[in-house]
Amino acid sequence: MAASRNHRNRRSIKLLLFFTFAVQATFCSSAVLERQQAYDGRKMESDSLEGKVHCSRSRSRTASKIIEEYLVPFVKQKGYNMSSACRLNHENDMFKEQELKKDMIRPSQWRCDYCKKTFRSEEYLDNHMDNRHSDLLDLSANRCLADVCGAIHCDHVANEGKAAAKKRCSRAAVIKNKHLCESLANSCFPPEEGGVALQLNEFFLRQFCDSHTCDGKPKHFPRGSGVRKNKSLYMALCLFTITLLLIFYLAVYLYKRDMNINATSLKRLKQHPILKAQKSKKY
Ligand SMILES: [Zn+2]
């Protein structure tokens with residue numbers, strides 16, 4: 001009797017152990033699955049971050065600056081609209097939205113307009129945008145403006161004013177950039193459209209593509225900037241000229257007024273009885 005009870009107890013313990021093991025295995029496997037899913041999620045996130053890292057924010061900014069200064073004013077002047085297929089179109093800059101949300105309060109204080117945090121420099125704010133607001137980036141293909149940097153001379157603009165060591169001209173790089181430059185001209189301003197598109201195609205080739213050469217000293221952006229750079233200097237010159245003119249007219253007015261007063265006084269003096277009597281005595 002006692003032996004049979006012991007046997008039942010042992011079987012119950014075995015069943016209990018088995019049940020505990022089964023429950024633990026289930027929980028463990030679900031935990032592993034959750035960890036795997038979390039890892040996959042993180043991996044996807046890091047993949048998307050990698051996609052973003054492949055496009056340089058600072059070079060995209062330089063490219064955008066060049067387009068705004070050396071191309072857009074001329075395109076606007078002609079009343080032409082660059083299509084969305086044109087990689088130089090402002091809409092094709094994946095950082096456009098974020099750049100608009102950056103606010104420079106002063107050179108040493110930058111604010112994120114998404115969350116109103118402030119930073120000591122633009123670089124810190126850029127890092128914040130990368131870390132906190134990367135979900136707001138559109139990582140579609142062909143939206144990396146930095147990719148056209150070779151064609152539109154980003155390095156030249158970024159190194160302007162810096163004492164750079166003279167580099168040997170790489171013919172292979174020059175040919176590649178010139179080819180990219182010409183393909184941009186043809187996709188943004190298709191010559192077959194004729195008229196304005198043809199004119200702008202020609203303009204683009206002269207402004208950006210001709211300087212892709214190893215021969216001689218190529219002039220970058222020979223058609224110049226379409227943006228009036230020294231706007232404040234121009235305003236100051238205008239104000240200075242207006243002030244000079246005002247002073248000149250005031251001086252002329254005062255001089256004429258004095259002359260009139262003197263002439264009137266002389267006339268009155270001539271009419272004086274003593275002077276009149278002296279005059280009549282002489283004759
Ligand atoms: Zn923020």
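**Reading a small sheet and its helix**

Author: Helix α5 (residues 122–132) lies across β1, β2 and β3, at about 20° to β2. The model is predicted: local features need pLDDT of at least 70 and side-chain atom pairs count only at pLDDT 80 or more, while totals for chains, interfaces and linings use all residues. Residues are numbered from 1 along each chain as its sequence is written.

Reader: How is the angle of about 20° to be read?

Author: Axes are lines fitted to C-alpha atoms, for helices over the stretch in contact, and angles run from 0 to 180 degrees between N-to-C directions. Two residues are in contact if their C-beta atoms, placed from the backbone, lie within 7 Å.

Reader: How many helices and strands are there in the protein chain?

Author: Helices (H or I, at least four residues) and strands (E, at least two) are DSSP runs, numbered from the N terminus. The protein chain has 11 helices and three strands.

Reader: In what order do the strands form the sheet, and is the pairing parallel or antiparallel?

Author: Strands of a sheet pair through backbone hydrogen bonds, either parallel or antiparallel. Two strands count as paired if DSSP finds at least two bridges between them. Here the order is β1-β2-β3 in an open sheet, with antiparallel pairing. The edge strands, β1 (102–106) and β3 (118–119), each pair on one side only. Strand β2 (residues 109–112) is joined to β3 by two bridges, and R111 stands opposite T118 in β3.

Reader: Which residues does the annotation "domain: C2H2-type" cover?

Author: The unreviewed UniProt entry places it at residues 110–134; such annotations may be inferred rather than shown by experiment. Over residues 110–134 the chain is 44% helix and 20% strand.
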